[in-house]
Amino acid sequence: MRIGVPKESTDGENRISLIPDDVAKLVRMGAEVAVETKAGASSWFSDEDYSDAGAVLTADANELLSGSDVIVRVRKPLPGDIGLLKKGTIHISLLDPFLSPETIKQLAEAEISAFSMEMIPRTTYAQKMDVLSSQANLAGYVSVILAAAKLKKILPMMMTPAGTIKPSRVFVLGAGVAGLQAIATAKRLGARVDAFDIRPEAAEQIESLGAKAVKIDLGETESTKDGYAKEITEEQKQKQKEEMAKVCAKADIVITTAQVFGRKAPRLVDNAMIVAMRPGSVIVDMAVATGGNVEGSRPDEDVVNNGVTIMGLSNMPGCVATNASQMYSANVFNFVSEFLDEETKSFKLDLENEIIKATLITHEGAVVNERILKSGQG
Ligand code: NAD
């Protein structure tokens with residue numbers, strides 16, 4: 001089995017899907033791993049590291065795609081890449097499957113068995129393959145570091161002979177994986193942190209990190225069996241906004257992380273809330289790539305509204321590409337090795353396996369994933 005690791009074709013993507021340590025493990029398990037030259041350069045893994053790990057380096061990107069049995073990458077393939085793959089190729093990557101109907105159609109038509117790493121089930125067993133969590137965790141850290149660098153204040157309290165500086169106030173909206181890491185990072189830097197999530201069970205996790213859980217009584221809210229939030233009603237949204245506006249007005253940094261799996265991100269911070277904040281404050285919209293939690297946020301731009309800077313980086317894990325690649329690669333390695341047949345040294349496509357069922361999107365010319373079919377694609 002030949003596993004191909006191409007250089008990412010999406011502009012600005014610094015990560016790589018397999019790092020040398022994991023290449024070495026796959027080679028030891030009997031796989032041949034081909035890596036495009038310079039594919040790891042932007043995350044500081046050199047061609048030499050890859051050849052030392054047992055990979056075959058190739059500068060011919062087209063041959064890498066057309067001559068591999070399994071392709072692993074971070075981002076979804078571009079149309080030109082899909083055209084090069086041979087029928088039956090196993091393609092493992094993020095696919096953004098609910099928002100990429102064209103890519104999915106092309107993958108089906110090209111008879112690729114395409115897996116979406118976003119769809120890894122949230123079970124204890126599959127946790128080691130969960131790329132959304134591994135990347136969101138790093139993104140949560142990055143959000144605080146970026147905001148702290150932009151803010152013209154320091155985060156911790158300082159008592160000096162020249163006077164006392166009060167700690168900055170950070171408000172984290174959405175306390176899932178990214179939000180909890182943002183809370184922990186802001187606390188480590190000495191900020192005073194408030195946080196809110198519509199899932200009531202998040203309050204305990206917020207408090208366990210030493211932050212204050214903002215209490216807003218929204219009545220009933222629901223979660224899916226995977227722990228994802230479900231969308232709330234218009235009335236609940238209005239109530240939430242009113243209460244959150246008060247906390248935002250006092251905050252120096254607001255970090256929004258709210259997502260609803262498979263849907264556009266909820267709009268939580270509107271113009272009225274922004275103009276009521278203190279000039280000089282910073283908002284980081286971590287949901288900017290899925291529609292944005294904050295009015296006026298734009299991907300990869302700083303927008304200033306009434307003195308408040310709104311940052312919307314679409315690829316925060318890419319800011320720490322070395323660690324993000326390390327985590328992503330571990331998730332991919334765990335996924336591939338789970339289905340690597342020791343005898344035949346090939347990828348065993350067991351269509352009855354729960355993890356395969358959840359993540360396989362296209363197979364033998366059709367869209368086969370139940371959730372994607374239900375969402376109206378295929
Ligand atoms: P996510 O990225 O889908 O959403 C981020 C957060 O936004 C969630 O906590 C969600 O409740 C919140 N949110 C949604 N709408 C909101 C609104 N209107 N206002 C405020 N907050 C809103 O979620 P996630 O971070 O990937 O994970 C969510 C949950 O799943 C967490 O409890 C996490 O611990 C759990 N989880 C479990 C596993 C596992 O069991 N293997 C793995 C990862 C995460």
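**Exercise 1. Determine how many helices and strands the protein contains, and how its overall dimensions compare with those of a compact globule.**

*Solution.* Step 1: the secondary structure comprises 13 helices and 17 strands. These elements are DSSP runs numbered from the N terminus, helices being H or I of at least four residues and strands being E of at least two. The model is a predicted one, in which local features need pLDDT of at least 70 and side-chain atom pairs count only at pLDDT 80 or more, while totals for chains, interfaces and linings use all residues. Residues are numbered from 1 along each chain as its sequence is written, and side-chain values use heavy atoms, with hydrogens and water left out.

Step 2: a compact globule of 378 residues would have a radius of gyration near 21 Å, and the 22 Å of the protein agrees with this. The radius is taken over C-alpha atoms, and the globule rule is 2.2 Å times the number of residues to the power 0.38.

Step 3: the C-alpha trace spans about 65 × 50 × 35 Å along its principal axes.

**Exercise 2. Describe the burial, the surface and the charges of the protein.**

*Solution.* Step 1: of the 378 residues, 51% count as buried. Buried means under 20% relative accessible area, exposed means over 50%, and partly exposed lies in between (1.4 Å probe, protein chains only).

Step 2: the accessible surface comes to about 17100 Å², and carbon and sulfur atoms account for 52% of it. Accessible areas come from the Shrake-Rupley method with a 1.4 Å probe; for residues, only the protein chains shown count as cover.

Step 3: there are 42 positive and 51 negative side chains, and the centres of the two sets lie 7 Å apart. Lys and Arg count as positive, Asp and Glu as negative, and His and the chain ends are not counted. Each charge is placed at NZ of Lys, CZ of Arg, CG of Asp or CD of Glu.

**Exercise 3. State which segments form the two domains and how many residues each contributes to their contact.**

*Solution.* Step 1: domain 1 consists of 2-129 + 321-374, and domain 2 of 136-315. These bounds come from an automatic or database domain assignment.

Step 2: the centres of domain 1 and domain 2, taken over C-alpha atoms, are separated by 33 Å. The contact takes 12 residues from domain 1 and 6 residues from domain 2, where contact means heavy atoms within 4.5 Å.

Step 3: among contacts between residues at least 6 apart in sequence, 63% join residues at least 24 apart.

**Exercise 4. Locate Thr257 and Ile104, and classify each as buried or exposed.**

*Solution.* Step 1: Thr257 belongs to the loop between β12 (253-256) and α10 (271-275). Its relative accessibility is 11%, so Thr257 is classed as buried. Not counting residues up to four places away in sequence, Thr257 touches Val172, Leu173, Gly174, Ala175, Ala178, Gly179, Met286 and Asn293.

Step 2: Ile104 is found in helix α5 (residues 101-109). Ile104 has a relative accessible area of 2% and is therefore buried.

**Exercise 5. Place Arg169 and Lys212 in their strands and list their contacts beyond four places in sequence.**

*Solution.* Step 1: Arg169 lies in strand β9 (residues 169-173). Leaving aside neighbours within four places, Arg169 is in contact with Arg192, Asp194, Lys250, Ala251, Asp252 and Ile253.

Step 2: Lys212 lies in strand β11 (residues 212-213). With neighbours within four places again left aside, Lys212 contacts Val193, Asp194, Ala195, Ile206 and Glu207.

**Exercise 6. Identify the loops that hold Glu111, Asn306 and Glu364, and assign each residue its exposure class.**

*Solution.* Step 1: Glu111 sits in the loop between α5 and β6 (113-116). Its phi is near 60°, a positive value in a residue other than glycine. At a relative accessible area of 31%, Glu111 is partly exposed.

Step 2: Asn306 sits in the loop between β14 (302-305) and β15 (308-311). Although Asn306 is not a glycine, its phi is positive, at about 55°. A relative accessibility of 45% makes Asn306 partly exposed.

Step 3: Glu364 occupies the loop between β16 (360-363) and β17 (366-367). Glu364 is exposed, with a relative accessible area of 66%.
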